[in-house]
Amino acid sequence: LANDSVTKEQLIDAIADGSFVIKITDMHFDKLSEVGSLLAELHNARLYDIIEYFQSPPWDELSPQCQMRIGRIIGSFSALVRDSTERICIFFHKIHNRAPSGKTYYIDKGLEDWVSANRPLSGELATLIKNAGHDSPFIGPVLAAWRETEPDNALNATIAFSHDNRTEIKRQALFSLGIFRYDDENEASKAEARLADVALSSKDADRISALSAIIRQLEIQDQKSARLLEVVEKLAEEPDYEIRHTLIQGFAFHQGAYSSTIHNRVTSLMKTVGLDSSATLEFIDLALSNMNVDTQRDVVFETISAILSQENRPPGIGVFDALTYKIFNAPHEVIGWYVTRWLLDGDYNICIQIDSIFRSLDDLVYDFKLDSFALNDADIFYLTRKIFAYFMFSHGPAVSLLSACLLAMDRSTRNRLEDEISSFWLRNYPSDLDLFDAVCSNYKLEELKGSIERMRQQVEAYERPLRSLSSNVALKPSTMERRIQAEIAHERNKYIHRTAQETSIFGSLFHTSTLLYGNSSVTYIHASPTEEPVRQVLSLENIHTSMMLPRMDSLYPARLNYLLYRFRRESRPK
Amino acid sequence: MKLLLKQYLSSLKERDELDVVLPDILSGNGFTVFSRPKRGTRQYGVDVAAIGEHPTTKTKTLFLLSIKSGDLTRDEWDTGKQALRPSLSEIIDVYIPKHVPARYKSLPIVVALCFGGDIQEDVRLAVDSFMDKHTVAGLVDFEEWNGDYIANQIANGLLRENIFPKAMQASFRKAVAFVDEPSICEAHFLELLRQLTAVKPSKPIKRLQIARQIYLATWTVFVWCRDVENLESAYRISTYAALYMWDLCHSHFGSSKNAKATGEVMDKALALHKIIALDFNDRHVAPYCAVKDGLAISVPSIASVDINLKLFEVLGRVALIGLWLIHLRERLQGNSITQFDTELDVQLQKLLVQICDMINNNPALYTPLRDDHAIEITLTSLFLMHCGANEFLGNWIEQITLSSIFSYKINGQYPCVFREYSDLAMHPKTGESYKKEATIGSILYPTLGVWLAILQDAEHFQILADFHSQDMSHSTWQLWIPNADSEENFYINSEIHGSCITHVNTKLDQAQFLELVRKEIIANTEFHNLSAMSFGQWPIILMACQIYRLPIPPQFWTMQIFSDGRGSIT
């Protein structure tokens, strides 16, 4: 089959000689829908019984790529095929049931398209499904199409289906009740009554389906149903894991569905979610990241803080990657607000993770402000020590926040804070004076200049005598000791490299090649089987990261540990 | 070998070095030295006087040596008070006519111009002319003993092959070649010492000869270390040299001629160690102590383990220097050398300030990594206590106690029993079993307990006792005392010796705890039988403890040793 022009004759020949599957493998993906349309034309013109042909494709023998291509063709074919409703019904159920799990998207879409194109037949199709002796994944779209042509019959049928014993049919029927729009009060009442009944009285999956439907219904209602709101409020009182999950999911995807009471209640529920409910945590992440991290900062902060500081095995901040990404990309004032609040609260479990909001080993400076906190001197000193304790590897944010601390101090007492910063932070990282300079010049903080100069003098007063000392060869470790240290460093680097590879997103997505020599790689790109491969030379870039170790860690690690321990344990002054 | 010796000679300073070594070289070559350099007395140009064989007539001859260091330049020949020509003129004009002992007056005289290097060309004519002018045939001859000549004397005398065989020469050469790699130098020097002392000759004269060889070899290494400006090897080998020499000689000290000479060599070996230790301190420690973090940053490594180990090591050495000075002061007690006493006090005060600076400016010294850093802590504490710095000492011991307990509790770099560098570099690992293994026994905590008890710090003694009962029940806290085997093995660390006191019970109150230690001290009679103690040379025990990593015997805590007045070998 040529890519440019596919003819019905070619298709018939390919089907006849058994080469159809092979030939579509080489086709351009966009052409597949055209093939589906041509097959429908062949079937509708009774030139070839394509339904018969497609009812039993040898799925197991096909490659995943080919399975997807067949699915795509069936999808295009389904929307246009004309045949008896009964045959259509059987066809879709058969191919759906036989298709490998996860490959039914185009088939299900094909049914939806067929129903959309043949709405008047949806009632008949619903009846066929009702009378079939098996469950069906298609009742939802069928009822939706039917509701457009015969609303009353469709609603009654939907309510009837919601009593069905077949799981999927019942689930889709309940869900349909939630997405139907009701212009008539009586209709709405019937649907709501059924949903409320299932949500409050039944168990397990039906209850969840009903609650999901209610949430959807509330979202589309201009005037929210008191009955439905009451049901949700009742369920939110003491929910089990599934109900809590569904309520939080509703919060994440259908925020408009909830009244403020339910909103607050669900927010409270979020605070109780632990590591054992990882899927729920993902919805919380989505829910919070959908909120405005600036104007709704208090709710976001309190919710996430409560989760991160749970007593037993609290989740890590890494779970909330969408939220932390959003905070990181918010204006600097907002990032600074979150970080400062966490530091002021001083919860160890949270503070130890704060720097993961920033880029790894972040050395960019930020325009942080402490104006909104109205801190006194004792608070600022406390905050400074918390920065020391928790920002050892994020120097940019640390220095930005320390600068904000300096500016928040009264001029007359600022020198005490300068001493504190010089004697700990700059003693460990003297080159961070450059970051202070960057904060000062980037954000035009002229008032900071004096402090930086005084701190520079203090650093210099410490460094100058050290520079004047000659090298002390007598204290040099022996060759054997130096070799052991080199081996330790080598092993550590190997471990870091291996861990970086294992945790790399790219590493897990692509096949990797390791070049032992050279700084570029020659590869051939195959555009298509018929074309000559294109030679490409890829230059390699050098990527490296480095981390400044605190000087005290070499000189007196035990003392540094003690200082950090003290800084971390310190409570906020009353 | 000769080149190596010549280099060594040319590096020696005139005062206290070349003039100290030369008499030994002469003795090693059969000369009888009857006059050595002395301070404060006029010697009329003669630094050393000896009786020996005339180089040409082979008759008994009086040798008068005038010594200058390095090369002989025009300035050193003719200019200033210390020039050679005025010294020679004094010998001819004053010493020979007036000061030759009556019993040697009949002997022919050889005036030897000694210098470690060579005569420079521009002064050659003047020297030859002087010698020609003053030579009296058959009565007064002149000899030029330059670096080459003296090196020959050493090689043919002290180090000649039948006494200093080829295998030993190899060890010696390697030790010298690796002076800037202290661990290698130390290994070869120790090998040399083992070879030299493998068989202890029964004749005192032979032992004396070996002692002189050890002394000379130590000097040579020291001078080479000085050349490369790294005295680490010199410090280590001079400690071993003193200890091996003590082991070889202590049973031969006495009043006979050879016994006396042996004692003198031992005294000189100890003096040499002290010179090296002081020089080590002056070059490698003292200049860094007054600067905040100065000493720690001067360690050429970023590994905290290196910094911790080096700092404790040098702290122990400096404290030991202080203890040697205290020992010297004790020996001089009763003598009325007031000026020297005052000088010693000044030196002690200087060391006290230095040690306090060292600890204050280098917080690593509050956090011992090795359990046997108890040795350095004890050395330093003894010194501080003797200097009356009890408040400083109390604060230091308290901080060590708290930081060690804290580090243990947070799995930081807590004190461990490991000695291998690779274990220390990887310390601490995780896991309870590792933690127990790393602290399976301890001399550090009982040592801290004793000091806390001595300093009457009940609060921190109780904290230590609680730590013992709550976290350290798996650990055998112990003290160490010498036993009957110790005398034989202490100085050369040949076999395991001594006894452990394992019933260190911190549940007792401080007074009871000290009483327990006191009882052990009384019961341990072997300590006072150690030869170093018998001769009043107690710092030798401390030297051995530090270099062989043996706990300091608790007898030192009683401080009685400082007041017994003994201390002279000769």
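**Exercise 1. Find which residue forms a salt bridge with Arg194(A), and say whether each partner is buried or exposed.**

Step 1. Arg194(A) pairs with Asp197(A) in a salt bridge, and their closest N and O atoms are 3.5 Å apart. The criterion is a side-chain nitrogen of Lys or Arg within 4 Å of a carboxyl oxygen of Asp or Glu. This is a predicted model, where local features need pLDDT of at least 70, side-chain atom pairs count only at pLDDT 80 or more, and totals for chains, interfaces and linings use all residues. Side-chain values use heavy atoms, without hydrogens and water, residues are numbered from 1 along each chain as its sequence is written, and chains are lettered from A and ligands numbered from 1 in the order in which they are written.

Step 2. Both residues sit in helix H12 of chain A; because they are three residues apart there, about one helical turn separates them. Helices are DSSP runs (H or I, at least four residues), numbered from the N terminus.

Step 3. Arg194(A) counts as buried at 11% relative accessibility, whereas Asp197(A), at 40%, counts as partly exposed. Here buried means under 20% relative accessible area, exposed over 50%, and partly exposed in between (1.4 Å probe, protein chains only).

**Exercise 2. Work out which parts of chain A are tied together by Arg411(A) and Glu447(A).**

Step 1. The two side chains form a salt bridge, 3.7 Å from N to O.

Step 2. Arg411(A) is in the loop between helix H23 (395-408) and helix H24 (414-423), and Glu447(A) is in the loop between helix H26 (433-442) and helix H27 (449-468), so the pair ties together parts 36 residues apart in sequence.

Step 3. With a relative accessible area of 62%, Arg411(A) is exposed; Glu447(A), with 37%, is partly exposed.

**Exercise 3. Locate the salt bridge between Glu447(A) and Arg414(A) in the chain.**

Step 1. The closest N and O atoms of Glu447(A) and Arg414(A) are 2.7 Å apart.

Step 2. This pair links distant parts of the chain, with Glu447(A) in the loop between H26 and H27 and Arg414(A) in helix H24, 33 residues apart.

Step 3. Arg414(A) counts as buried, at 3% relative accessibility.

**Exercise 4. How many salt bridges does a search of the whole structure find, and which residues of chain B are linked in a network?**

Step 1. Over all chains, the search gives 49 salt bridges.

Step 2. In chain B, a network of salt bridges links Glu186(B), Glu232(B), Arg236(B), Glu313(B) and Arg317(B).

Terms used
Helix = DSSP H or I, 4+ residues; strand = E, 2+ residues; numbered from the N terminus.
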